[in-house]
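Here are some short exercises to work through with the model open beside you. Try each task on your own before you read its solution.

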Amino acid sequence: MRITATIITRDEQDNIARAIRSVGFCDEILVVDSGSTDRTVAIAKAMGATVICKDWPGYAAQKNFAAGQARHDWILSLDADEAVTSRLATSIQLLTPASVSCSGYDFPRMARYCGRWIRHSGWYPDRKIRLYDRTKGRWVGEYVHESVQVDGERGHLEGDLLHYTCDSIEAHRANLERYTDLAARELHESGRRVGALRPLLAPVHSFVKAYLLQFGFLDGRAGIAIARMAARYVYLKYSKARVLARR
């Protein structure tokens with residue numbers, strides 16, 4: 001199989017080299033950058049990646065654009081803060097045109113949060129389709145939580161995709177502000193009504209789910225931080241959606 005690895009970037013100089021190195025087994029590495037002001041583009045070019053600059057249209061749209069620019073139909077899509085493990089790379093390399101019967105393949109993603117690998121809290125195994133035939137699949141999701149949808153069978157590969165998330169609670173809070181803006185907008189434009197009690201009750205459910213039902217307590221202090229942030233996420237999302245509805 002001939003595979004193009006696609007990576008979308010903006011100001012990712014601290015991450016891009018690790019991501020590119022992890023997909024060195026691919027036949028093409030394509031970086032689509034949306035206006036980096038740091039050394040992201042220079043690093044990517046120095047490591048042999050093809051770089052295309054494109055204004056930001058949204059997560060799914062940018063990833064679909066990247067797939068459309070690839071030389072090969074099979075796409076391995078990464079974010080800049082992700083990296084393919086050697087075991088996952090081996091699983092991908094064992095695929096051949098004769099053995100492939102699926103339109104896309106998922107594999108587990110493991111996150112590193114505040115210096116710890118998270119194996120519970122609803123964050124793992126978090127299987128995602130990231131290897132897919134672009135003639136049979138595409139990214140969907142206008143604002144947040146974009147994902148690949150494929151026409152045909154979905155296969156499974158072994159080996160983790162590593163996700164280097166927030167190094168601090170402060171960074172997590174900043175990310176929540178940005179993502180809940182998008183989530184609230186998506187909720188508002190879908191026409192769904194958010195009741196007055198939703199911002200109060202949903203956070204409790206999210207905390208209990210992440211910390212108890214999804215065994216977040218086994219992740220130690222990171223687990224309780226993740227559960228608290230899960231509660232904060234839904235509180236902000238629903239509160240912001242109610243503000244938008246009143247405008």
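**Exercise 1.** Find which side chain makes a polar contact with the side chain of arginine 134, and place arginine 134 in the fold.

*Solution.* In this predicted model, start at the tip of the side chain: arginine 134 forms a polar contact with the side chain of aspartate 73, at 2.8 Å. Next, look for backbone partners: the same side chain reaches the backbone oxygen of alanine 70 at 2.9 Å. Then widen the view to contacts beyond four places in sequence, which include Ala67, Gly68, Arg71, His72 and Ile75. As for its place in the fold, arginine 134 sits in the loop that links β9 (128–133) with β10 (137–140). Finally, take a backbone distance: 9.0 Å separates its C-alpha atom from that of glycine 104, 30 residues away along the chain.

**Exercise 2.** Decide whether arginine 134 and histidine 163 are buried, partly exposed or exposed.

*Solution.* The cut-offs come first: buried is under 20% relative accessible area, and exposed is over 50%. Arginine 134 has 25%, so it counts as partly exposed. Histidine 163 has 14%, so it is buried. Now see what surrounds histidine 163: beyond four places in sequence, it touches Asp81, Glu82, Arg109, Met110, Ala111, Arg112 and Trp117. Histidine 163 itself belongs to strand β13 (residues 161–164).

**Exercise 3.** Work out the order of the strands in the open sheet that holds β13, and say which strands stand at its edges.

*Solution.* Walking across the four strands gives β5-β13-β7-β8, with mixed pairing. β5 (82–84) and β8 (116–118) each have a single partner strand, so one side of each lacks a neighbour in the sheet and these two are the edges. On average, neighbouring strands are turned by 30° against each other, direction ignored. Zoom in on one pair: β7 (residues 109–113) and β8 run antiparallel and are joined by three bridges. Here arginine 112 stands opposite tryptophan 117 of β8.

**Exercise 4.** Find how many residues the largest nonpolar core has, and which of them have the most contacts inside it.

*Solution.* The count is 32 residues, and Ile7, Leu76 and Leu131 have the most contacts inside the core. Among the elements giving two or more residues are β1 (3–9), α1 (16–22) and β4 (74–79). The largest share, four residues, is from α1. Apart from this core lies another, of 18 residues, including Tyr113, Cys166, Leu176 and Tyr233. As background, nonpolar side chains tend to be buried together in soluble globular proteins.

Note on methods:
Residues are numbered from 1 along each chain as its sequence is written. This is a predicted model: local features need pLDDT of at least 70, side-chain atom pairs count only at pLDDT 80 or more; totals for chains, interfaces and linings use all residues. Side-chain values use heavy atoms; hydrogens and water are left out. Buried means under 20% relative accessible area, exposed over 50%, partly exposed in between (1.4 Å probe, protein chains only). Contact means heavy atoms within 4.5 Å. A polar contact is a pair of N or O atoms within 3.5 Å; within protein, one must be able to donate a hydrogen and the other to accept it, and residues adjacent in sequence count only if both atoms are side-chain atoms. A nonpolar core is a set of buried Ala, Val, Leu, Ile, Met, Phe, Trp, Tyr and Cys residues joined through side-chain atoms within 4.5 Å. Two strands pair if DSSP finds at least two bridges between them. Axes are lines fitted to C-alpha atoms, for helices over the stretch in contact, and angles run from 0 to 180 degrees between N-to-C directions.
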